[in-house]
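Here's a quick tour of one model for anyone who likes to look at side chains before setting anything up. Keep the viewer open as you read.

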Amino acid sequence: MMKEKADLHIHTCYSDGFYTPSELINLVKEKGIDKIAITDHDSINAIDEAAECGRSFGIEVIPGVEISTDIEDREVHLLGYFLDTSNEELNKYLTFFRDERFHRAKRIIQKLRNLGMNISIDDVMDTAKNSAVGRPHIANTMVDLGLVKDYYSAFDNFLGDGKPACERKIHVSPQSALKIINDAGGLSFIAHPGYVKESILMTLIKAGLDGIEVVHPSHKEYKKRFYKGIVNQYCLLESGGSDFHGGKKGDADNLGKYCIDASKVEAMRKRLHKNTA
Ligand code: AMP
Ligand code: FE
Ligand code: FE
Ligand code: ZN
């Protein structure tokens, strides 16, 4: 029998992804992926639809989330898997983070307007709807309004870190995010650690991180080997995925190319049972 494949890092239109949960499940099926985790930024609102659609296609959907944190002035993204989506505290925090994203989007728009651009928050929210709004939505809107030539030039010239219209998100420490994930019964992973200083990774491992995203489009072979070594050394769990968004990001080819063996999901489930035993 062919080994089952899992992609544990995927976004939908409930954050900055392009596809609805049902559209996404159709694509996942086409690519022959057996298990996925939906990991929207600051939202778990896609999970119910994705899980229901997944069931009819024979695809397992693991409830996940991606939370942006900062430490030592650097952004670190944490993934939570196997969350209890009815957990009140989790929902309270995610609603708060999304509200904060909306206020930040308004500040970014004000900066763009100060730079002479004719763009409003309504233009952005027309496409972002009630999702967790972020810079990708603003970049898309800038393209649609003809203010920039493409998605990446919006970041390079205006929205990227340190660029004239960039605004930070609210400060959340990785330790707080770990607690939110753990208290909702989930397992915590560091996302794309290739962007993160090794000393910070070590701080998070000491703080109780459950695992590392080893496979990611931004990780070359030597990085994957390096993180696998750390996973083994500290008895951590291993994850991986495409970080697929779809749309103007131009990452359509990534879906199906950054999978991990589904046995890794079973290792996670075992750890969950151990936690609750
Ligand atoms: P936000 O959560 O609103 O800060 O948006 C972060 C997202 O914007 C990241 O997950 C990337 O998808 C995208 N992004 C951030 N910086 C850049 C960049 N320089 N070029 C392209 N995309 C970027
Ligand atoms: Fe994203
Ligand atoms: Fe991320
Ligand atoms: Zn992501």
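What follows is a short walk through a metal site, some salt bridges, a charged patch and one backbone contact.

## Before you start

Keep in mind that this is a predicted model. The values below are all computed from its atoms.

## The iron site

Let's begin with the metal. Which residues coordinate the iron ion (ligand 3)? Glu66 does so through OE, His77 through ND1 and His192 through NE2, at 2.0 to 2.3 Å. Along the chain, these donors follow the spacing E-x10-H-x114-H. The two histidines bring distant parts of the chain together: His77 sits in strand 4 (residues 74-81), while His192 is in the loop between strand 5 (187-190) and helix 8 (198-206), 115 residues apart.

Are those histidines buried or exposed? His77 has a relative accessible area of 14%, so it counts as buried. His192 is buried too, with a value of 7%. There's also a second iron ion to look at: ligand 2 is 5.7 Å from the iron ion (ligand 3).

## Salt bridges across the chain

How many salt bridges does a search of the whole structure find? The count is 18. One of them pairs Lys35 with Glu266, where the closest N and O atoms are 3.8 Å apart. This pair links distant parts of the chain, with Lys35 in strand 2 (residues 35-38) and Glu266 in helix 10 (residues 263-276), 231 residues apart. The two ends sit in unlike surroundings: Lys35 is buried, at 11% relative accessible area, whereas Glu266 is partly exposed, at 34%.

Next up are Glu72 and Lys197, whose side chains meet in a salt bridge at 3.3 Å, N to O. Glu72 is in the loop between strand 3 (60-71) and strand 4, and Lys197 is in the loop between strand 5 and helix 8, so the bridge ties together parts 125 residues apart in sequence. Lys197 is partly exposed, with a relative accessible area of 35%.

## Another bridge, and a network

Glu75 forms a salt bridge with Lys169, and here the closest N and O atoms are 3.3 Å apart. Because Glu75 lies in strand 4 and Lys169 in the loop between helix 6 (151-159) and helix 7 (174-183), the pair ties together parts 94 residues apart in sequence. Both partners are partly exposed: Glu75 comes in at 33% relative accessibility and Lys169 at 22%. Some bridges also share partners, and these join Lys35, Glu60, Glu266 and Arg269 into one network.

## A negative patch

Now for the surface. Glu23, Asp48, Glu49 and Glu52 form a negative patch there. Which helix gives the most to the patch? That's helix 2 (residues 47-57), with three residues. Glu49 lies in helix 2. Why can Glu49 be part of a surface patch? Patch members need over 30% relative accessible area, and Glu49 is partly exposed at 31%.

## A buried alanine

Last stop: Ala165, in the loop between helix 6 and helix 7. Its relative accessibility is 0%, so Ala165 counts as buried. What distance separates the C-alpha atoms of Ala165 and Lys111? They are 5.3 Å apart, although the two residues are 54 residues apart along the chain.

Terms used
Residues are numbered from 1 along each chain as its sequence is written. Chains are lettered from A and ligands numbered from 1 in the order in which they are written. This is a predicted model: local features need pLDDT of at least 70, side-chain atom pairs count only at pLDDT 80 or more; totals for chains, interfaces and linings use all residues. Side-chain values use heavy atoms; hydrogens and water are left out. Patches are made of residues with over 30% relative accessible area and no salt bridge: like charges are joined within 9 Å, nonpolar side chains (Val, Leu, Ile, Met, Phe, Trp, Tyr) within 5 Å. Accessible areas come from the Shrake-Rupley method with a 1.4 Å probe; for residues, only the protein chains shown count as cover. A salt bridge is a side-chain nitrogen of Lys or Arg within 4 Å of a carboxyl oxygen of Asp or Glu. Lys and Arg count as positive and Asp and Glu as negative; His and the chain ends are not counted. The place of a charge is taken as NZ of Lys, CZ of Arg, CG of Asp or CD of Glu. Helices (H or I, at least four residues) and strands (E, at least two) are DSSP runs, numbered from the N terminus. Buried means under 20% relative accessible area, exposed over 50%, partly exposed in between (1.4 Å probe, protein chains only). Donors are N, O and S atoms within 2.8 Å of the metal (3.2 Å for Na, K and Ca); water is not among the atoms, so sites may look incomplete.
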